[in-house]
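Trainee: I would like to go through this structure label by label. Show me the cut-off behind each one.

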Amino acid sequence: MSKILVARSADLGFIKVVGRGSFQNSSCLKAFYQQLLKEGVRRFVVDLDACTYLDSTFLGILLGLGLKLKEIGAGLLHILNASPRNLELLRNLGLDRLISIETTTGATAGVRNTNGAISGALNGVKEENLKEMQCEVSTRAEAGPTILEAHVNLMEFDPRNVPKFKDVVEFLREDLGQPAKS
């Protein structure tokens, strides 16, 4: 079973992906970070230690957070504990050019200090602080606008992604009744 665990500590939003990060939980991820952005949070950490799979929709929504922080001109999006497979996905889509990424072989990967904090840089976020986001599992049809937004983010951020996702975006625009973009 996949789930997203979240916590907030002062100016930090913490997100832990357990299982699959996919189109089914991307809308919840987006709602979480949008609320925190409204509240002035500008630092986000995503822990992929327990993440078994990332799809392009989830990655495109994460990219959207990074782009929003860049647009604001302040902030940090940091990924912890990326497995070799997840690191390959992040790099293949160009996200490593915008997002700070630490692999599972990094110096602080999986570090827990004596008081249970996940890392010294995480403002004291502890495992027991994490709450499971209540996500209604989206069908592809319900998630259509989010899937479209994610793939447009990926294509606009890195032109190398256009051939990968052009057909997906055209199909989704047609399916959602939106005009094709040139």
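Mentor: We take the ground rules, then the fold, one helix, one serine and the salt bridges.

Trainee: What kind of model is this, and what pLDDT do local features need?

Mentor: This is a predicted model, in which local features need pLDDT of at least 70 and side-chain atom pairs count only at pLDDT 80 or more, while totals for chains, interfaces and linings use all residues. Residues are numbered from 1 along each chain as its sequence is written, and side-chain values use heavy atoms, with hydrogens and water left out.

Trainee: What makes a stretch count as a helix or a strand?

Mentor: DSSP runs do: H or I over at least four residues for a helix, E over at least two for a strand, numbered from the N terminus. The protein chain has five helices and seven strands. Their order along the sequence is β-β-α-β-β-α-β-α-β-β-α-α.

Trainee: How do you know that the length of helix H4 agrees with its residue count?

Mentor: The expected span is 1.5 Å times one less than the number of residues. H4 covers residues 144–157, 14 in number, so 20 Å is expected. Its end C-alpha atoms are 20 Å apart, which agrees.

Trainee: Why is H4 called largely enclosed?

Mentor: Buried means under 20% relative accessible area, exposed means over 50%, and partly exposed lies in between (1.4 Å probe, protein chains only). In H4, 11 of the 14 residues are buried, so the rest of the structure largely encloses the helix. Among them are Gly-144, Thr-146, His-151 and Phe-157.

Trainee: What covers the buried residues of H4?

Mentor: The cover includes helices H1 (23–38), H2 (56–72) and H5 (162–175). For the protein chain, 48% of the 182 residues count as buried.

Trainee: Why is Ser-26 called buried or exposed?

Mentor: Its relative accessible area is 0%, so Ser-26 is buried. Ser-26 sits in helix H1.

Trainee: Which residues does Ser-26 touch?

Mentor: A contact needs heavy atoms within 4.5 Å. Leaving aside residues up to four places away in sequence, Ser-26 touches Thr-57, Phe-58, Ile-61 and Thr-146. In the protein chain, of the contacts between residues at least 6 apart in sequence, 68% join residues at least 24 apart.

Trainee: What makes Asp-11 and Arg-43 a salt bridge?

Mentor: The rule asks for a side-chain nitrogen of Lys or Arg within 4 Å of a carboxyl oxygen of Asp or Glu. Asp-11 and Arg-43 have N to O at 3.6 Å, and the pair is a salt bridge. The partners are 32 residues apart: Asp-11 lies in the loop between strands E1 (3–9) and E2 (12–21), and Arg-43 in strand E3 (43–47). Asp-11, at 38% relative accessible area, is partly exposed. Arg-43, at 24%, is partly exposed too.

Trainee: How many salt bridges does the rule give?

Mentor: The count is nine. One of them joins Arg-85 and Glu-88, with the closest N and O atoms 3.5 Å apart. Both residues lie in helix H3 (84–92), three residues apart, about one turn.

Trainee: How do you know whether Asp-158 and Arg-160 are buried or partly exposed?

Mentor: Asp-158 has a relative accessible area of 2%, so Asp-158 is buried. Arg-160 has 49%, so Arg-160 is partly exposed. Their salt bridge has its closest N and O atoms 2.6 Å apart. A network of salt bridges links Arg-97, Asp-158 and Arg-160.
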